[in-house]
Amino acid sequence: MLGEDGVAMFHDSDFHTVGIAADELRRKLHGNKTYYAVNAHINPTNVCVINCPLCAFAVKAGNKRAYLLEIDDILQRVQHAADFGAKQIHIVSGIHPDKNYDWYRNIIFQIHAHFPEIHIKAWTAVEIAHFAKLSHQSVKAVLADMQSCGLKSLPGGGAEIFNEEVRKKIAANKINAEKYLEVHAAAHQLGIPTNASMLFGHLETPEHQVEHLLQLRDLQDKTGGFDCFVPLVFHPLNTQLDVEDISPQEILHTIAVCRLILDNFPHIKAYWVTLGESLAQIALSYGADDFDGTVFEERIHHEAGSSSPRGLTVQRLTELIRGAGFEPVEYYAGG
């Protein structure tokens, strides 16, 4: 019945009513608090062999936009982030054809060795599954090894949309839904909190979105390991997908439905990087309670046309949250 209800909510033209219900649940869980992190994003390379039509960030080796950060470059960026007060580093990367598992492992090891106080949130399920292949280990063994090096949590990227038919068109070479959920379940078994995500506004339908959300909800019922859900708005610029930008009303409607279906998730993110500052503020009244963080310096969604800033100061973040009528609270343990 929940699936039918979820689809009905998506088809409800009065998205404000859905938003009011989502806001009531959000306030029941968090009151007037909105959470943020002092964090920084590092993408070690944009070279990737997967070649997803939805991606504007990744390039093939030899492309003039290709780059690769070696460990000294990465540590320098972490130091810069630490200097402005960052307490969390968010790391996702391309699947580089020439880098072995030890290269990725060493990134976590070295960051933790030099900055033991910084929370390292790193590697999507896509990357963890790739590391398992590279190292001839199980997913759980890779996660345990990364954890021993200093990994504290996993981001939610790579989920896109779980429906197999749509996935074949937008990310055919990525791991499927079953493998994505397997990686997150294994992380939860090890006590590693994770985020989850859904990319929307491309070729999917409300039915596909509900199917996606219910699979996440089911895993959360079993493990309780998801900390935050991130509804990611698709930006088509520089991708291979010819679709129109969805409206702000559709975006808010989707965020509200996500909050109502994922009532077992602690947090729903208003990711200002893909929403923009103003719409992210409004999303806080449509079920979202997490404003992400300072982010310096986001690349992936900006390559696809996001016009938001590449980073925000803590002062700006807290001003935006207060301006939307909420109380800013710093939080980063798994978010």
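The following conversation concerns a predicted model of one protein chain.

Biologist: How many helices and strands are there in the protein chain?

Modeller: This predicted model contains 14 helices and ten strands.

Biologist: What radius of gyration does the protein chain have, and what would a compact globule have?

Modeller: The chain has 19 Å, which agrees with the value near 20 Å for a compact globule of 335 residues. Its C-alpha trace spans about 50 × 45 × 40 Å along the principal axes.

Biologist: What percentage of the residues count as buried?

Modeller: Of the 335 residues, 59% count as buried. The chain exposes about 13500 Å², with carbon and sulfur atoms supplying 49% of that area.

Biologist: Turning to the sheet, in what order do β6, β7 and β8 lie?

Modeller: The order is β6-β7-β8, in an open sheet with parallel pairing. Strands β6 (194-200) and β8 (267-268) each have a single partner strand, so one side of each is left without a neighbour in the sheet.

Biologist: Over how many bridges do β7 and β8 pair?

Modeller: Strand β7, residues 226-233, pairs with β8 over two bridges. Phe229 has Ile268 in β8 as its bridge partner.

Biologist: Now the cysteines: what is the count of disulfides?

Modeller: The count is zero. The sulfur of Cys228 has that of Cys258 as its nearest cysteine sulfur, 11 Å away.

Biologist: Why is there no bond from Cys258?

Modeller: A disulfide is a covalent bond between the sulfur atoms of two cysteines. The 11 Å from the sulfur of Cys258 to that of Cys228 is too far for a bond.

Biologist: Is Cys228 buried or exposed? And Cys258, buried or exposed?

Modeller: Cys228 counts as buried, at 0% relative accessibility. Cys258 also counts as buried, at 0%.

Definitions and conventions
Residues numbered from 1 in each chain as written. Predicted model: local features only at pLDDT ≥ 70, side-chain atom pairs only at ≥ 80, totals over all residues. Heavy atoms only, no water. Pairing = 2+ DSSP bridges. Helix = DSSP H or I, 4+ residues; strand = E, 2+ residues; numbered from the N terminus. Disulfide = S-S within 2.5 Å. Buried < 20%, exposed > 50% of the residue type's maximum accessible area, 1.4 Å probe, protein only. Rg over C-alpha atoms; globule rule 2.2 N^0.38 Å. Areas by Shrake-Rupley, 256 points an atom, 1.4 Å probe, with all protein chains shown as cover.
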